[in-house]
Amino acid sequence: MSMLTISGSPHVHTDDSVQKIMRGVIISLIPAALVSFYFFGLPAIILTLVSILSCVAVEYLIQRFVMKEKPSVTDGSAALTGLLLAFNVPANLPIWMIVVGAIVSIGIAKMSFGGLGKNPFNPALVGRVFMLISFPVQMTSWPKPTELSMTLSDAVTGPTPLGLVSEGLKKGETMQTLMNQLPDYINLAMGNMGGSIGEVSAVALLLGGLFMLYKKIITWHIPVAFIGSALIFAGIMHLVNPDHYIDPLFHLITGGLMLGALYMATDMVTSPMSVTGMLIFGVGCGVITILIRLFGAYPEGVSFAILIMNAVVPLLNKAFKPGRFGVVKK
Amino acid sequence: MDLIIVYAMVAMAGLGITAAVVLYFVAQKFKVIEDPRIDQVAEFLAGANCGGCGYAGCRNFAEAVVQKGSLEGMNCPPGGAEVMAKVAAVLGLEAQASDPQIAVVRCNGGKAHSPQKVNYDGAQSCASSAALFAGEGGCKNGCLGHGDCVTACSFDAIHIDETTGLPVVHDECVACGACVKACPRNIIELRKRGPKDRRIFVSCVNTEKGAISKKNCEVACIGCGKCVKICPFEAITLQNNIAYIDDAKCRLCRKCVAECPTGAIHELNFPVKAKAAEATEAVEN
Amino acid sequence: MRLKTFKIGGVHPPENKITAHKAIESFPVPTLARVMLHQNLGVASVATVGKGDEVKVGQVIARQEGFISSSIHSPVSGIVTKIEECVDASGYRKPAIFIETKGDEWLEGIDTTSALVTEIKASKEEIIKKVTEMGIVGLGGATFPSQVKLMVPEGNKAEYIIINGVECEPYLTSDHRLMLERPHEIMIGVQLLMKASGASKALIGIEANKPDAIDLLTKVAQEYTNIEVYGLKVKYPQGGEKQLIKALTGREVPSGKLPISVGCIVNNVGTAFAVYEAVQKNKPLVERVVTITGKGLKEPGNFMVRIGTSIADLLAHCGYNAEHEAKIVSGGPMMGKAVTTPDIPMVKGTSGILVIEEGVERVAIEPCIRCGRCTRVCPMGLEPYLLAMASSKKMYDITEANAVMDCIECGSCHYICPAGRPLLDYVRLGKSETGKIMRSRKSVQ
């Protein structure tokens, strides 16, 4: 007779796994990746691949030789970090820089805390912000989208729409003249503008986000709170002074708001556990983003906003517990 | 000289002085007056916060011993007699002699002697699996082998042997008793280390009838009572189908070891006798 | 029809009700019955027979000991061969009465026919007395002595009798079949429960995956007064006592309180049937419906089985192949107990035997990715990830502060965890340790 197995209940388990979640997120990023490859060409593809490979390699090496444990790169989390890291940099970034970014992302932001699930900050964003501070020039010279080019070495660089508006307003130009220099909103939403590899196409990102919602990988709370609060805050400012503050729709379709709200802020490890916590987290991200965009030194604030809110997550987890059954809230 | 440097220096110095003054007054205000001997005693203690003394940490023990003013019932197991002598000197007391002890694992079943009958697939925790079922070998008292004792030990003095699946206590053991508390089966006991680390004990805690325990494990104590009869010092008692050797009465004559039909009585660190060679080889705890 | 449901959390494991269409078969009387002495929640019963005694079916062989306890009746007629320890589901040895069967002679006065006795003659006190004498316990799995529930404590009033026909556990169909085959008996049992407790209304909750049972019971209920049948959304743990009350009445049992504090008494349909038999037919609890199921079994089914029958016999009847690697679960896959050997006797609380041959081993444990799904599916609004972490590190102050004692051990957290972490194993451990600490503190005060 063969041996019986014994364990505590339950004896059935969902089909879902960490690997499937990571795979789902990567699949949902495919439309955004295709749009970027279309606009930024071969260099974007190479940069993305290098980023993914370096992240996986760094994680493998650290697990194998530093932590001396069984490498778990097959769970796909390192690949996902690599993909998101590449999505957060301009397509003409020197290759070695993205490798540095990968080392910081995985080595410092993830593995030094103990690996998957233990990092307080979003690894890809830590890598991005590290690069932004270390290589400010390369990280802010955005190639102009040129449709299926094989090289970007001679490509013209220009500012992102947000950068253009922010700089222009500082120089005293009027909103109207600035808007005339930009493509129309439909082009912007499709991704025909300067910017990081993955952030340009709001439409493709939204598509991926809907896929994740459908697959129940993420819940609606963080993206809706994030985008909603950003739109409302930006809208109020726009109503107060339309000449100085651009309209909320522009904020939505340019810069990293979509990418941040759907992919970076919803990172399970660094977002709150309870529904209330998620909503507050999202609102915090949205408000800080717009604050930085409108009043900060940087034209873009999504990364900083999310990282700041990441730091608050343990407090949110402590302060906002789920509503318990049979306990009346006072 | 540029005046700005002077300003900077004055500003820095002013800041420093202000901070120092504030700190001084704050320190004065919140000063806690404490017996200086507590610090002195705490310095001698092992600092491992193992809890073997019965207090939460070394500091708590130091506070308690100073407040109590006597050494009765106060012992630092990891420090041993040496540390207690120093503590006694600080307090101006006479050190009390206490026999050094060591943790002893009283189960020799494991994978080899108590073959696996079911396969446990739950959380790797003895407490959790003990609540669920009798154990992979079927013995309701036997070691479960998930290492709750190992997790509890703060001295790295116990580990699970992979081939036998049983815990092994090393010489580093300071008898703090953390593993004794952690074991849900009460298998581990603190016993006298004995002269030259020689000790004899019954390596089984099974209270079931002989036939049942023997069925589950070939090295179980079957409660036959042979050892009780042969012991010249009345050190062995039999209760609930299990023999127990009182380490205060045992004179290490080794007669019971040879008498035990299942080899459940273990002797440690004795010079190898032809007959006992097998037994010592099997047990290295 | 709008389906009712509870509000917080819940999961939806595959239902796998493969025996739903199999009518209840009478399983042969065993040649040897092993009757465990501890078959109810609370104190074990005390044997009143000795070796060599001759017993008839339905004769008391162990009496109630203390308030929360129950008596046990002989499930077979024959001779008591010994009272000895017998391995139970967990592999621990517990005392049991061994009876060798001779024929099938019932004690006089027990109505073994299937004739329906509609007229309720017994008074409130007589019903409770009968329920006590006949050894009725909650048959949903908790085996809480039924008479205790019916004795409404002072200061409380029973308004609703809630009948649990949810059977939210995957695979199990014993309650489903019972509802289809004995609807009138159940209704009379419900009326008896209402009379005994003084409740004026009864609500029967059935999960929507049993439309035939909902239709039939709704129709039958019209013949009786004050019994309402509701369809409930298919969501686990819809049949949890507190969840069911919430779904049917909208009331929440406060943390740490019993259902009676919101005027409800919850009983399983099986219990209602047993109460009917006890009061109307004078028949003690000597047999019950059991689902024997599993995808690897050749002939899974629902059976009326005598207490004390070996589970190995039941499995053999259903075509169980002992050569296959398997996990045998007593109860459903979400809350059932894995057994160490099939050679164990049936007890009053055995609602089903499930043989799992696929996915015997749990999935590999990976690091917690803090997805928060355990928190979102917990029907009690707890944070399983936190409780499991604190329990594994023996931080029982944290488990207590975060209401580990509210856990109903439904297993939703472990089921949903994408990292396959054994959350409930640790929470259960933390619950028992925290409970010990809280009780010892109470006794000190």
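What follows is a walk through the overall build of chains A and C, the nonpolar cores, and two individual residues in a predicted model.

Because the model is predicted, local features need pLDDT of at least 70 and side-chain atom pairs count only at pLDDT 80 or more, while totals for chains, interfaces and linings use all residues. Residues are numbered from 1 along each chain as its sequence is written, chains are lettered from A and ligands numbered from 1 in the order in which they are written, and side-chain values use heavy atoms, with hydrogens and water left out.

Chain C comes first. Its secondary structure adds up to 13 helices and 17 strands, where helices (H or I, at least four residues) and strands (E, at least two) are DSSP runs numbered from the N terminus. With a radius of gyration of 21 Å, close to the 22 Å from the globule rule for 445 residues, chain C is as compact as a globular protein of that length. That radius is taken over C-alpha atoms, and the rule is 2.2 Å times the number of residues to the power 0.38. Along the principal axes, the C-alpha atoms of chain C fill a box of roughly 60 × 50 × 50 Å. Buried residues make up 58% of the 445 in chain C; buried means under 20% relative accessible area, exposed over 50%, and partly exposed in between (1.4 Å probe, protein chains only). Of the contacts in chain C with a separation of 6 or more, 74% link residues 24 or more positions apart, a contact being heavy atoms within 4.5 Å.

As for its surface, chain C has about 17,200 Å² accessible, with 53% belonging to carbon and sulfur atoms; these areas come from the Shrake-Rupley method with a 1.4 Å probe, and for residues only the protein chains shown count as cover. Chain C carries 53 positive and 49 negative side chains, and the centres of the two sets lie 6 Å apart. Here Lys and Arg count as positive and Asp and Glu as negative, with His and the chain ends not counted; each charge is placed at NZ of Lys, CZ of Arg, CG of Asp or CD of Glu.

Chain A has 15 helices and 3 strands. Its radius of gyration, 21 Å, agrees with the value near 20 Å for a compact globule of 330 residues. The C-alpha trace of chain A spans about 80 × 55 × 30 Å along its principal axes, and 58% of its residues are buried. The accessible surface of chain A is about 13,800 Å², 70% of it from carbon and sulfur atoms. For the 19 positive and 15 negative charges of chain A, the mean positions are 15 Å apart.

The largest nonpolar core holds 117 residues, with L29(A) and Y263(A) having the most contacts inside it. Such a core is a set of buried Ala, Val, Leu, Ile, Met, Phe, Trp, Tyr and Cys residues joined through side-chain atoms within 4.5 Å. A second, separate core of 47 residues includes M194(C), A221(C), V275(C) and M304(C). Beyond four places in sequence, the contacts of Y263(A) include V25(A), L29(A), L84(A) and M258(A).

Two single residues round things off. I265(B) sits in strand β9 (residues 265-268) of chain B and is buried at 3% relative accessible area. Q191(C), in helix α4 (residues 183-197) of chain C, is buried at 19%. Leaving aside neighbours within four places in sequence, Q191(C) touches I120(C), Y224(C), T225(C) and I227(C).
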